[in-house]
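Dear colleague,

Please find below the structure that I would like to hand over to you. A description of what was found in it follows, and I hope that it will help you to find your way around.

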Amino acid sequence: MSNTPMAANPLTRAVLEIDEYASGLGWDQPARLFALVDTTRLRTREPALAAQLGLAEDTGETGLTPIEQEEVPADRPLDEFLATIAWPDAVTGCALTVERQMLPPSAENQVPQGLSGGKLAKWVASHPERQEVRMTVAVLRGGGRDSAIRLREKDSPTEVLTGPDLVPGLAEALAATFED
């Protein structure tokens, strides 16, 4: 991905690469799941796949290569779907990009009592302060985490917020896919 800003570590670079890919697809997209594999290991063990991904030439670049997985089922709650995933040893980490609506913290005290699930989602969707966001969250088998958040109203590569603890619940659910 040519427009991905340079980041300090391979996980952040992978998150930003996935964010850029998702951005190129536009908004109102389904959730997308990615396996993260060590690029050097991929070139060595799966040269045909590396060639297919445009990674056949060893440029000396190390890092993580995101590989998009089968479509995430839209008719199933995301947490239930993630609970069914188990990764082979060759997968170093995983990432998920998903769009959601969020409210600012100042709106928390406005939430009517007893709302949950679909009713809460409808209430948030009708709230005048809602923000549409795309969240990309990645975890490594060894415990590393990173994420990127892009607001629909500020849809620009320079307006992407990154950090390891931006979406802790989703990071926990992804990390659980590596537990035995």
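**Strand pairing and two buried residues**

In strand β4, Ala138 is the bridge partner of Ala95. This pair belongs to the contact between β3 and β4 (residues 131-140), two strands that pair in the antiparallel sense over ten bridges. Please keep in mind throughout that the model is predicted.

It may help to step back to the whole chain before following the strands further. The protein chain contains six helices and six strands. Read from the N terminus, their order is α-β-α-α-β-α-β-α-β-β-β-α. The radius of gyration is 17 Å, close to the 16 Å that the globule rule gives for 180 residues, so the protein chain is as compact as a globular protein of that length. Along the principal axes, the C-alpha atoms fill a box of roughly 55 × 35 × 25 Å.

Of the 180 residues, 38% are buried. The protein chain exposes about 10400 Å², and carbon and sulfur atoms supply 50% of this area. If one takes the contacts between residues at least 6 apart in sequence, 64% of them join residues at least 24 apart. As for charge, there are 16 positive and 28 negative charges, and the mean positions of the two groups are 3 Å apart.

We may now return to the strands. On one side of the pairing scheme, β1 and β3 pair in the antiparallel sense over five bridges. Here Ala35 has Cys94 of β3 as its bridge partner. Strand β3 covers residues 93-102, and seven of its ten residues are buried, so this strand is largely enclosed by the rest of the structure.

Strand β4 also pairs with β5 in the antiparallel sense, over seven bridges. One of the bridge partners is Arg145 in β5, which is matched with Val139. The two strands form a hairpin with four residues between them, and Gly143 in the turn has a positive phi of about 115°. Strand β5 (residues 145-151) has five buried residues out of seven, so it too is largely enclosed by the rest of the structure. Finally, β5 and β6 (residues 161-163) pair in the antiparallel sense over three bridges, and Thr162 of β6 is the bridge partner of Ala148.

Two residues deserve a separate look. Is Val37, in strand β1 (residues 32-38), buried or exposed? Its relative accessible area is 10%, and a residue counts as buried under 20%, so Val37 is buried. Leaving out residues up to four places away in sequence, Val37 touches Leu42, Gly63, Leu64, Thr65, Ile67, Ala90, Val91 and Thr92. Val37 and Thr92 are 55 residues apart in sequence, yet their C-alpha atoms are 5.1 Å apart in space.

The second residue is Arg150, which lies in strand β5. Arg150 is buried, because its relative accessible area is 2%. Which residues is Arg150 in contact with, apart from neighbours within four places in sequence? They are Asp19, Ser23, Trp27, Glu132, Val133, Arg134, Asp155, Ser156, Pro157 and Val160. By contrast, Ala51 is 99 residues from Arg150 in sequence and 31 Å from it in space, C-alpha to C-alpha.

With kind regards

Terms used: Residues numbered from 1 in each chain as written. Predicted model: local features only at pLDDT ≥ 70, side-chain atom pairs only at ≥ 80, totals over all residues. Heavy atoms only, no water. Rg over C-alpha atoms; globule rule 2.2 N^0.38 Å. Buried < 20%, exposed > 50% of the residue type's maximum accessible area, 1.4 Å probe, protein only. Contact = heavy atoms within 4.5 Å. Areas by Shrake-Rupley, 256 points an atom, 1.4 Å probe, with all protein chains shown as cover. Lys, Arg positive; Asp, Glu negative; His and termini not counted. Charge placed at Lys NZ, Arg CZ, Asp CG, Glu CD. Pairing = 2+ DSSP bridges.
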